[in-house]
Amino acid sequence: QGQLVESGGGVVQPGGSLRLSCVASRFAVDYYRVGWFRQAPGKEREGVSCVSSRDRNTYYADSVKGRFFISKDIAKNTLYLQMNSLTSEDTAVYYCAASASMDPSPRCGSKEYNIWGQGTQVTVSS
């Protein structure tokens with residue numbers, strides 16, 4: 001049904017910053033639970049940051065707290081992930097995702113989302 005398209009990935013130096021964008025189509029991002037996930041080679045997909053509909057509650061993984069920040073531009077129907085102080089452990093394919101759930105909890109398990117972007121590669125390397 002809905003569609004998500006990520007952009008903004010690339011290669012960045014350790015300690016650098018990057019902002020990922022995710023444009024939603026055929027649904028309103030502010031009325032869905034939305035989030036960012038990542039998957040490194042040989043590892044399970046993990047929730048990085050998720051927010052419930054209408055920004056009622058926000059979740060951040062412990063590994064990114066204080067460094068990553070999720071936000072929206074409602075007028076552009078776009079979700080963002082600002083990533084700061086990047087390390088090699090942040091290297092992964094990053095995906096945005098959405099769910100129609102109206103639950104106020106910002107659940108951030110990948111099995112709870114049914115609309116997915118195709119992913120954008122983030123590589124942190126010197």
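Relative accessible area, computed with a 1.4 Å probe on protein chains only, defines a residue as buried under 20%, exposed over 50% and partly exposed in between. The model is predicted, so that local features need pLDDT of at least 70 and side-chain atom pairs count only at pLDDT 80 or more, whereas totals for chains, interfaces and linings use all residues. Residues are numbered from 1 along each chain as its sequence is written, and side-chain values use heavy atoms, with hydrogens and water left out.

A search of the whole structure yields 5 aromatic pairs, where rings of Phe, Tyr and Trp (its six-membered ring) pair if their centres lie within 6.5 Å, and planes under 30 degrees apart count as stacked, over 60 as edge-to-face and the rest as tilted. One of these pairs joins Phe37 and Trp116, with ring centres 5.0 Å apart and planes at 55 degrees, and is therefore tilted. Because Phe37 belongs to strand E4 (residues 33-39) and Trp116 to strand E10 (residues 115-116), this pair ties together parts 79 residues apart in sequence; strands are DSSP runs (E, at least two residues) numbered from the N terminus. Phe37 is buried at 0% relative accessible area, while Trp116 is partly exposed at 26%.

Trp116 also pairs with Tyr95: the centres lie 6.4 Å apart and the planes stand at 80 degrees, so the arrangement is edge-to-face. This pair links distant parts of the chain, with Tyr95 in strand E9 (residues 92-99) and Trp116 in strand E10, 21 residues apart. Tyr95 is buried, at 14% relative accessibility. Ring pairs connect Phe37, Tyr95, Tyr113 and Trp116 into a cluster.

The charged end of Arg45 sits over the ring of Trp116, 4.8 Å from its centre, and Arg45 also lies over the face of Tyr95, at 4.0 Å from the ring centre. Such a contact requires NZ of Lys or CZ of Arg within 6 Å of the ring centre and within 35 degrees of the ring normal.

Key:
Helix = DSSP H or I, 4+ residues; strand = E, 2+ residues; numbered from the N terminus.
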